[in-house]
Amino acid sequence: MGHTARGMAPFAWPDGHRAALSLTFDVDAESAILAVDPKYAGRLSTMSHQAYGPKVGVPRIMRMLERTGVRGTFFVPGLTADLHPAMVEAIVAAGHELGHHGYSHVPYHRMTDDEQKRDIERAFASLEKVTGLRPEGFRAPWWELTNSTPGILADFGVTWDSSMMDDDRPYLLDTGRGILAELPVHWMLDDWEQYAFLPEPHIGAVIESPAKVLDLWGGELEALADEGGLMMHTSHPFLSGRPSRVVTLERVVERARELGGVWIAPAGEIAAHARTAIAAADARPVPIVQLEEDVYGG
């Protein structure tokens with residue numbers, strides 16, 4: 001979709017950079033499992049698996065970010081802010097960016113438009129109560145936008161999103177009610193597919209070696225750097241907050257600096273630059289392409 005509007009002209013990254021990397025963290029904590037079924041609230045061991053993220057993973061990740069001089073973007077569900085307010089305050093106090101990640105982590109395709117609006121509004125209220133901040137950036141729970149979600153986000157004043165997968169460079173999305181800068185993601189650059197495991201509920205069944213994961217992410221980083229792309233990396237602190245996995249993230253940063261010309265920045269800064277760069281290139285925003293359920297005529 002993005003290439004259709006822009007062609008394949010080189011993307012104009014700032015200050016002579018040839019590509020970009022953003023380290024983003026979805027602090028789902030308990031919400032990711034409770035969204036599957038609230039009954040898991042009574043499963044203490046399962047909930048402790050999720051609480052590792054805000055209790056141990058986030059502080060360890062922030063220490064790594066401080067060592068490397070990198071500002072990250074932390075997408076926090078409203079429920080996480082309600083359950084772990086001190087952790088959210090610490091993220092903001094350390095100078096990192098706060099992103100909106102819904103309230104309940106229930107995927108939006110399971111909600112009506114009105115339910116989406118209530119979930120988004122409730123999350124804003126929780127994040128503002130803890131931090132006094134109203135995030136401008138959004139990431140959908142489970143990366144599941146519906147055809148309606150982008151317009152709803154624009155109505156709430158959201159200016160950028162990071163939930164789509166149809167490009168590897170930023171583009172502008174015309175929602176019909178406002179323009180969002182889109183920072184595309186992909187499953188191969190998410191730690192969930194590499195590390196997620198629970199006996200129940202089934203959230204994944206493979207625990208990969210960090211060495212294998214570094215090879216995967218490092219290879220994609222090199223290729224994206226050669227093509228002038230954006231590597232939107234996604235981690236979950238209850239997964240990537242483990243010691244050897246944080247070392248792997250640090251090595252991704254080191255590899256980006258070894259490659260040279262890779263701009264490492266929070267997602268919001270990349271989105272703001274994308275708006276300026278795309279406007280300067282006189283490229284039109286991409287409309288939302290809505291397929292009907294009977295697309296095959298069935």
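Let me begin with a definition: a residue is called buried when its relative accessible area is under 20%, exposed when that area is over 50%, and partly exposed in between, using a 1.4 Å probe and protein chains only. By that rule, F11 and W13 are both buried. The model I am showing is a predicted one, in which local features need pLDDT of at least 70 and side-chain atom pairs count only at pLDDT 80 or more, while totals for chains, interfaces and linings use all residues. Residues are numbered from 1 along each chain as its sequence is written, and side-chain values use heavy atoms, with hydrogens and water left out.

I will stay with the aromatic residues for a moment. Rings of Phe, Tyr and Trp, the last by its six-membered ring, are paired if their centres lie within 6.5 Å, and the pair is stacked if the planes are under 30 degrees apart, edge-to-face if over 60, and tilted for the rest. By this rule the count comes to nine aromatic pairs. One of them joins F11 and W13 in a tilted arrangement, 4.5 Å from centre to centre and with 50° between the planes. F25 and F74 make a stacked pair, with 4.8 Å between centres and 25° between planes. This second pair links distant parts of the chain, since F25 is in strand 1 and F74 in strand 2, 49 residues apart; helices here are DSSP runs of H or I with at least four residues, strands are runs of E with at least two, and both are numbered from the N terminus. F25 counts as buried because its relative accessibility is 1%, and F74 counts as buried because its value is 0%. Returning to F11 and W13, these two residues form one aromatic cluster together with W263.

Next to F74 in the sequence comes T73, in strand 2, which covers residues 73–76. Is T73 buried or exposed? T73 is buried, because its relative accessible area is 0%. A polar atom of the T73 side chain lies 2.9 Å from the backbone nitrogen of A267. If we take contact to mean heavy atoms within 4.5 Å, and leave aside residues up to four places away in sequence, T73 touches S22, L23, T24, F25, E97, W160, P266, A267 and G268.

That brings me to the nonpolar core, defined as a set of buried Ala, Val, Leu, Ile, Met, Phe, Trp, Tyr and Cys residues joined through side-chain atoms within 4.5 Å. The largest such core has 45 residues, of which L21, L65, F74, V76, W217 and M231 touch the most other members. Helix 3, residues 44–68, provides the largest share of this core, namely six residues. V76 has contacts with V27, A81, V88, L98, G99, H101, G102 and L127, again not counting residues up to four places away in sequence. There is also a second, separate core of 21 residues, which includes M232, A271, A274 and A277.

Let me turn to charge. How many salt bridges does the structure hold? The structure holds 10, where a salt bridge is a side-chain nitrogen of Lys or Arg within 4 Å of a carboxyl oxygen of Asp or Glu. One of them is between D26 and R139, at 2.9 Å from N to O. D26 lies in strand 1 and R139 in the loop between strand 4 (137–138) and helix 7 (149–155), so this salt bridge ties together parts that are 113 residues apart in sequence. Both D26 and R139 are buried.

Another salt bridge joins R177 to D155, with the closest N and O atoms 2.6 Å apart. R177 sits in the loop between strand 6 (171–174) and strand 7 (179–182), whereas D155 is in helix 7, 22 residues apart from it. R177 counts as partly exposed because its relative accessibility is 46%. E208 and K212 also meet in a salt bridge, at 3.6 Å from N to O; E208 is partly exposed at 25%, and K212 is partly exposed at 36%. Finally among the charged groups, E222, R255 and E258 are linked in a network of salt bridges.

I close with D15, in the loop between helix 1 (2–6) and strand 1 (19–26). D15 counts as exposed because its relative accessibility is 75%.

Notes. A polar contact is a pair of N or O atoms within 3.5 Å; within protein, one must be able to donate a hydrogen and the other to accept it, and residues adjacent in sequence count only if both atoms are side-chain atoms.
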